[in-house]
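This briefing introduces one protein model to a reader who is new to structural description. Please keep the sequence and the structure in view while reading the points below.

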Amino acid sequence: MKRASSLRLLSDLSNFSGAARLRELLAGDPAVRVRCSPDGRHLLLLRPPGSPAPQLLVAVLGPGLELERAWPEGHPSPIDAFFLPWPARPALILVWESGLTEVWGPGMEPGWRLLQSTELCPGGGARVMAVAASRGRLVWCEERPPGTEHGLQRPTAAFNHRVCVKTLEPSAEAGANLGRTHILLHHCPSLGLMASRKDLFLVPTATTWPGVAHILLIWSPSKGKVIAAAPCLGISHSKSLNHREGGTWDFRTLIRGLPGLLSPSEPLAVHTSAATPQGLLLLDFRGKVSLMQCHGGIRAVGTLQEAPVALEGSAALGTFHGTLACVLDSTLELLDMSSGQLLERKVLSTDRVHLLEPPAPGMKDEEELETRGRLRLLSPLGLFCVGWEAPRGPELTSGKDLVFEEACGYYQRRSLRGTQLTPEELRHNSTFRAPQALASILQGHLPPSTLLTTLRAELRDYRSLERLKAQLVAGDEEEAGWTELAEHEVARLLRTELTGDQLAQFNTIFQALPTAAWGAAIQVLQLQTDRTGSLRSQAPPDVWKKVLRSTVAGKDPPNGILPPFELLCRCLCQLEPRWLPPFVELAQQQGGPGWGAGGPGLPLYRRALAVLGEEGTRPEALELELLLGSGRPKAVLQAVRQLVQKEQWERALEAGLALGPSSPLLRSEIFKLLLAEFARHRGLDAHLPLLCRLCPPELAPDELLLLLRPHLPDEAESLTPFPEPGAEPPLTVGLLRALLEQTGAQEQPSGPVLSPYEDILWDTGTPPPTPPRGPITPLQASDHPGLETRTPSGQGLCETDMGNNL
């Protein structure tokens, strides 16, 4: 059941003394300043200087006389007034711009009387610009006349202010005893003062010098330190009191000694601010409400549905029961302080509404007990309190419900499912464990000690990172500091989703500090080399999943922002190109379905090749290594063809031999490619043993010859026993014998001969027996009259011829 707020009327102001004047001032002057006494029985209304009389009214609830003061024209009126937190009797302190201070209190007779008067600036010439009362201290910021501030250098007009403190102690006769003046801050710009229960906030004003108008100071008297913060820069520094100098700070020295505060920034744009027990609430002109906490951190509380129109628009901020209340003109908005969710919005009947601080604890009144902790609103119509009604049924809207609602929207935006996720599905589905863990923490299942133990490492890393940033801004050991900072940031970003701004920051770090960024990536991925020189990783799969994730199909990264894998490959190309192929091979082993390795997107070796540049402009050695190590048949064949074109025969053969038995078809294709080259020329003759090893075991001799035949010279060409000078020697049977033996020796058949060449290959090498030979009988000429006895060349033949011719 949704909570409902209630606006309850406490008083119509008729039971206050001076009720008519009280309603008149509340309805007539929107700039009137309203304060409430700690016991909640006195209302103070102070009009700004220059307003018509009366300028001051103190109304009392119940019996008692009001205090009404008016100063004629030409006589200054107080710039501020406070109730002092004395539980026994109320005391009122008035402060003028000249430094005059009056303490008022009830006397023996009914009414108010002046108890004492003193000067905050006894030297004269100074002007009080702002004043606040905080836990027994009166603090003011005064503008000093030129030349009165002592220092090594004469301060400029922008830094001629100082912040001073006086202690306040209760006194029966004087109302309050003011102690000696102590200078807290000198050589400072004009600052506004706002006091909470424990701390004092020093905020820039419209007249603050623009160079420091983004800096806000927090003074913690109980801790003896001051915190300087720049909310727009996300920087805060703490500084302890310097006892050697009496606990006094020089503003310019303080700011210069804190790194990062003087970085160029826009002035703090604040429409309304209010001090609360949780810190300082800040409302900007866009309607965004932030909380500056006492330790210097700032967090966004929420955004109003309506933003302030201008400086003249009235606005008031307050908190109660973990709820932020903002009155903007005639609208009251209630937001949850923890989630920023708008709980309720009410339209009021008047725009003259002031939020009052809750009364101090210890009230005995039954009505006060009922309204304790509620926020009180004062308007001309009366005094109201706003709070939450007790739920009539079980409370269902809680932080736990908000966790599942926000997580449902988060996962739905990143899901590829067509069905709609529901909070109930997140509650009971074990796939989404983060919302369940956070919900259990918010519900209180995890004690604070366990939660602190879980977050201790994160907090330690964050603290060391902030200390390192301060060291870098100060300029100490810059090179080592930047390296360490890059390592911290890369390690942190690799634990995120690496999308959007995180991915852009990841690219920026690798562009600015590639060496340090790659060193951090080595640590996060836990990269190591084994004995063979290959890379190994012990990083969990979640880390590799983030590294290997590619961009959305069909969408190029904006503004040259690379995905993590491409970014790491480009960094390796710059630093250690020889490690790129092993890194890609390791990534292929680590990749899972849908990670960009083996998924529907480009394979990793193609993504790495794209980093090297367009085809034809890539380094040949890296391109070959990536193709050979890809494990893809087409890529390996492409690499082998490139090696063949370069006549790197041994490397081409080794690429084929490196393939395991699981790739017989790819080995066979590589063998056929190299066999064709073996038939054409004699470049592979020296590597014939490796070619024999690459020969497929199931290849028969006749199949080998059939593979060779298309690449042999044409039979129509004239064949000569010896090649012409300069021509390529042809393939001979002697060169081919080793391959034929390799194919024939795989398995000798036990049956009939299947090939006409196999009887030759399987011959034992012993020649057949020689047939017997008989005696040879010489032929006689008489037996063959047609045959003449052959004579030696050049003898009897010449004489016979010559004789016949004669």
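Gly40 sits in the loop that connects strand 2 (33-36) with strand 3 (42-46). With a relative accessibility of 10%, Gly40 counts as buried. Its C-alpha atom is separated by 8.7 Å from that of Glu357, although the two residues are 317 apart along the chain. The model described here is predicted.

**The protein as a whole**

- The protein has 806 residues, and 40% of them count as buried.
- Its secondary structure consists of 23 helices and 32 strands.
- About 45,400 Å² of surface is accessible, and carbon and sulfur atoms account for 54% of this area.
- Among contacts between residues at least 6 apart in sequence, 50% join residues that are at least 24 apart.

**Strand 11 and its partners**

- Strands of a sheet pair through backbone hydrogen bonds, in either a parallel or an antiparallel manner.
- Strand 11 (residues 137-143) is mostly covered, since 5 of its 7 residues are buried.
- Strand 10 (residues 127-133) runs antiparallel to strand 11, and 6 bridges join the two.
- Within this pairing, Val131 has Trp140 of strand 11 as its bridge partner.
- The hairpin of strand 10 and strand 11 has 3 residues between the strands, and Arg135 takes a positive phi near 45° there.
- Strand 11 also pairs with strand 12 (residues 161-171), in the antiparallel sense and over 7 bridges.
- In this second pairing, Leu138 stands opposite Lys166 of strand 12.

**An open sheet of four strands**

- An open sheet contains 4 strands in the order 24-25-26-27, and their pairing is antiparallel.
- Strand 24 (315-320) and strand 27 (342-347) form the edges, each pairing on one side only.
- On average, neighbouring strands of this sheet are turned by 15° against each other, direction ignored.
- Strand 25 (residues 323-328) and strand 26 (residues 331-336) run antiparallel and are joined by 6 bridges.
- Cys326 stands opposite Glu333, a residue of strand 26.

**Salt bridges**

- The whole structure holds 22 salt bridges.
- One of them joins Arg69 and Glu102, whose closest N and O atoms are 3.9 Å apart.
- Because Arg69 lies in strand 5 (residues 67-69) and Glu102 in strand 8 (residues 100-106), this pair ties together parts that are 33 residues apart in sequence.
- Both Arg69 and Glu102 are buried.
- Another salt bridge links Arg345 with Glu333, with the closest N and O atoms 3.5 Å apart.
- Arg345 belongs to strand 27 and Glu333 to strand 26, so the pair connects parts that are 12 residues apart in sequence.
- Arg345 counts as partly exposed at 32% relative accessibility, whereas Glu333 is buried with a relative accessible area of 2%.
- Lys346 and Glu344 also form a salt bridge, their closest N and O atoms being 3.1 Å apart.
- Arg21, Glu24 and Glu68 are linked in a network of salt bridges.

**Cysteines**

- How many disulfides does the structure contain? The count comes to 0.
- Cys573 is in no disulfide, and the nearest cysteine sulfur, that of Cys569, is 6.8 Å away.
- Cys573 counts as partly exposed, with a relative accessibility of 22%.
- For Cys692, the closest cysteine sulfur is that of Cys695, and the distance of 7.3 Å is too far for a bond.
- Cys692 is buried, at a relative accessible area of 9%.

Methods: Residues are numbered from 1 along each chain as its sequence is written. This is a predicted model: local features need pLDDT of at least 70, side-chain atom pairs count only at pLDDT 80 or more; totals for chains, interfaces and linings use all residues. Side-chain values use heavy atoms; hydrogens and water are left out. Buried means under 20% relative accessible area, exposed over 50%, partly exposed in between (1.4 Å probe, protein chains only). Contact means heavy atoms within 4.5 Å. Accessible areas come from the Shrake-Rupley method with a 1.4 Å probe; for residues, only the protein chains shown count as cover. Two strands pair if DSSP finds at least two bridges between them. A disulfide is a pair of cysteine sulfur atoms within 2.5 Å. Axes are lines fitted to C-alpha atoms, for helices over the stretch in contact, and angles run from 0 to 180 degrees between N-to-C directions. A salt bridge is a side-chain nitrogen of Lys or Arg within 4 Å of a carboxyl oxygen of Asp or Glu.
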